[in-house]
Amino acid sequence: MKADATLDCVGLYCPMPIHQTANKLKELKTGQVLEVLASDEGIKEDAPAWCRATGNEFIGMEEQGGEIKVYIKKTK
Amino acid sequence: MAEKMTLIMFSGDMDKALAAFNLAIGGASIGMEVSMFFTFWGLNIIKKNEGSMKSKGIMRKMLNFMNRGGAKRAGLSKFHMFGMGKWMMGKLMKNVKSPSVQELMVMAHQSGVKFIACTTTIGMMGLGKEAFIPEVDSYAGVATYLADAKDGRINLFI
């Protein structure tokens with residue numbers, strides 16, 4: 001999937017990935033897509049939940065060998 | 001207007017503070033207006049680590065000697081074992097790059113979380129504002145907390 005920016009949260013645990021995602025998304029423009037790399041499984045549920053709570057769009061997720069890639073579109 | 005989240009920080013335990021700051025940072029990350037009201041033992045978390053223990057009267061002096069406070073001194077609510085359990089927990093947290101209470105506290109404050117200190121407990125313990133970290137946004141009482149909590153979507157007692 002194509003993204004406008006990437007945030008590396010590999011090795012980080014809650015609340016760091018969502019905290020950093022929230023901060024990183026502030027730097028993006030509306031309509032742009034952020035890719036978040038993570039290793040903590042919690043992100044699979046947390047990223048969609050964070051999007052529901054903030055009104056941003058959860059586009060999808062990819063998983064490869066323990067690394068999880070999450071895609072969030074800034075709509076807010 | 002942003003939705004409000006309030007936390008009463010009654011406990012001074014390190015593990016409970018970790019959970020609370022985690023929630024506060026999470027709340028701020030979903031755009032909530034978060035405030036933390038520190039009272040009783042919870043005040044220890046926002047005391048300066050190198051803070052003075054100056055206070056009047058023998059009972060207050062004894063209390064503040066035993067109850068020195070500072071986020072780095074906070075102990076575990078379980079398996080503290082005179083600090084050994086805490087030391088081990090700290091190692092485990094470092095291993096997985098998990099932030100400490102002090103680091104989370106700074107992060108929370110930078111995310112806009114407001115810190116309120118309870119003046120009643122401070123008065124009872126005979127402490128001054130100089131005993132507390134500069135991140136404390138205001139010194140107040142129950143009405144201030146309730147005014148926030150009344151509009152709060154999430155109100156927690158830690």
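Read from the N terminus, chain B of this predicted model follows the pattern β-α-β-α-α-α-β-α-β-α-β. Six helices and five strands make up this succession. The radius of gyration of chain B is 16 Å, close to the 15 Å that the globule rule gives for 158 residues, so the chain is as compact as a globular protein of that length. Along the principal axes, the C-alpha atoms of chain B occupy a box of roughly 45 × 40 × 25 Å. Of the contacts in chain B with a separation of 6 or more, 75% join residues 24 or more positions apart.

**The sheet**

The five strands of chain B form an open sheet with parallel pairing, in the order 4-3-2-1-5. Strand 4 and strand 5 of chain B are its edges, each pairing on one side only. On average, and with direction ignored, neighbouring strands of this sheet are turned by 20° against each other. Helix 1 of chain B packs on the sheet and touches strand 1, strand 2 and strand 5 of chain B. The direction of this helix makes about 165° with that of strand 1 of chain B.

Two of the strand pairings in chain B are set out below.

| Strand pair (chain B) | Sense | Bridges |
|---|---|---|
| Strand 1 and strand 2 | parallel | six bridges |
| Strand 3 and strand 4 | parallel | three bridges |

Individual residues can be placed within these pairings. Met9(B) has Phe38(B), in strand 2 of chain B, as its bridge partner. Ala117(B) stands opposite Tyr139(B), which belongs to strand 4 of chain B. Strand 2 of chain B, residues 33-38, is largely enclosed by the rest of the structure, because five of its six residues are buried.

**The nonpolar core**

Buried residues account for 37% of the 158 residues in chain B. The largest nonpolar core holds 55 residues, and those touching the most other members are Met9(B), Phe21(B), Ala24(B), Met36(B), Phe38(B), Val101(B) and Ala108(B). Helix 1 of chain B, residues 14-29, supplies the largest share of this core, with eight residues. The bridge partners Met9(B) and Phe38(B) are both among the core members named above.

Ala108(B) illustrates how this core is joined. Leaving aside neighbours within four places in sequence, Ala108(B) is in contact with Phe21(B), Ala24(B), Ile25(B), Ala28(B) and Val113(B). Two of these partners, Phe21(B) and Ala24(B), also appear in the list of core residues that touch the most other members.

**An exposed loop residue**

Phe79(B) lies in the loop between helix 2 (58-66) and helix 3 (84-95) of chain B. This phenylalanine counts as exposed because Phe79(B) has 12 C-beta neighbours inside 10 Å, and a residue is classed as exposed at 12 or fewer. From C-alpha to C-alpha, Phe79(B) and Ala19(B) are 17 Å apart in space, with their positions 60 residues apart in sequence numbering.

**The contact with chain A**

The contact between the chains takes 10 residues from chain B and 11 residues from chain A. On the side of chain B that touches chain A, helix 1 of chain B gives the largest share, four residues. By class, this side of chain B comprises four nonpolar, five polar and one charged residues. Helix 1 of chain B thus appears in three settings: packed on the sheet, contributing to the largest nonpolar core, and taking part in the contact with chain A.

Terms used. Residues numbered from 1 in each chain as written. Chains lettered and ligands numbered in written order. Predicted model: local features only at pLDDT ≥ 70, side-chain atom pairs only at ≥ 80, totals over all residues. Helix = DSSP H or I, 4+ residues; strand = E, 2+ residues; numbered from the N terminus. Rg over C-alpha atoms; globule rule 2.2 N^0.38 Å. Buried ≥ 20, exposed ≤ 12 C-beta atoms within 10 Å, placed from the backbone. Contact = placed C-beta atoms within 7 Å. Core = buried A, V, L, I, M, F, W, Y, C linked by C-beta atoms within 7 Å. Nonpolar A, V, L, I, M, F, W, Y, C, P; charged D, E, K, R; others polar. Pairing = 2+ DSSP bridges. Axes fitted to C-alpha atoms, helices over the stretch in contact; angles between N-to-C directions.
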